[in-house]
Amino acid sequence: MRLLLLFLFLAVLGPALSEYGLKLLSEALILGLYAMAFNLLFHQAGLLSFGQAAFFGIGAYTMALLVSRAGWPFLLTLPLALLASGLAAVLIGFLSLRLTRIYFTMLTLAFAQLLYAVAHKWYAFTGGDNGITDLRPHGVLGESLPFYYLVLASFALGVGFLALLERSPFGYALRGLRDNRARAEAVGIGGFRHLLLAFVLSGLLSGLAGALQGALQRSVFPEYLFWTRSAEAILATILGGSGVFLGPAVGAAAFLFLRVLVQSQTEYWPFFLGVVLLLTVLFFPKGLAGVGEEVVRRLKGVRGGVPQS
């Protein structure tokens, strides 16, 4: 119910926003979807992937190549963007999930950097560091408000799917594997199969976010595949709180709005980001959403006459 109210609020908010506000909120929703896809692996499965940029970039480049080279309508490119990201996730996940801990993280990073190098140097196909530009969707989706609703619908579907997944037997199995893989496998849970499926689902949603971001920015560059794009999902998740369902989306919105605010005043955005993350980790380890939940819990306790420790 709370998710439905949130989506309804965002839908009503759209017409009240300016062109700039619509673009900013669209970008926040895309980054939120991307961060929540990352958190499916990080929180549910206990896997720290530093290669999410690979799927984000593949989704973006698939959309861009189909629009610019083949002349496809933007909407028709989205299923292909998901398919390409999903296939890449099957291959990368099949190889990476055979390792654990830091070795898994480094291997996912290596795959993403490999794809970045290909996109950066293959001028004939990807445009190299010039990227692919002029990707404005034709028709009504070229306008800010209809495109915002497309982004909102994609965000709602993705978040709704993740919410169902979290409460499903598959979600419980993932958390069992995260807490104690040996014990979970001993009771019949297929560890590799479940983790690979989670990896692919995370890659699919990341690819959708990448395709939407490419259309929003009307251009795609190799930076979509660079490690800093993976770091954005991680930073948003830490900022918002990985233990709260909507925490990564909250962190994504805070990350984006804080970046816009700081960069309008000074060029030292990385310094401020470092300070904010340091304070978050030291004093608010549950993230912004975790703090919000704690405040609500205490208020309910006060109203109910139950003292909260």
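User: How much area does the protein chain expose, and what share of it do carbon and sulfur atoms supply?
Analyst: About 15400 Å² is exposed, with 70% of that coming from carbon and sulfur atoms; the areas use the Shrake-Rupley method with a 1.4 Å probe. This is a predicted model, where local features need pLDDT of at least 70, side-chain atom pairs count only at pLDDT 80 or more, and totals for chains, interfaces and linings use all residues. Residues are numbered from 1 along each chain as its sequence is written, and side-chain values use heavy atoms, leaving out hydrogens and water.

User: OK, what secondary structure does the protein chain have?
Analyst: It has 14 helices and two strands, taken as DSSP runs (H or I, at least four residues, for helices; E, at least two, for strands) and numbered from the N terminus.

User: Switching to α5, which residues are buried there?
Analyst: Phe104, Thr105, Thr108, Phe111, Ala112, Tyr116 and Ala119. Buried means under 20% relative accessible area, exposed over 50% (1.4 Å probe, protein chains only).

User: And where do they sit, seen down the axis of α5?
Analyst: The buried residues fall within an arc of 135 degrees, so they line one face of the helix. That arc is taken from the directions from the helix axis to the C-beta atoms.

User: Which residues are exposed on the other side of α5?
Analyst: Tyr103, Leu114 and Lys121.

User: What covers the buried residues of α5?
Analyst: The cover includes α3 (52–68), α4 (74–96), α6 (123–126) and α10 (191–217).

User: Back to the whole thing: how much of the protein chain is buried?
Analyst: Buried residues are 49% of the 309.

Technical notes: Contact = heavy atoms within 4.5 Å.
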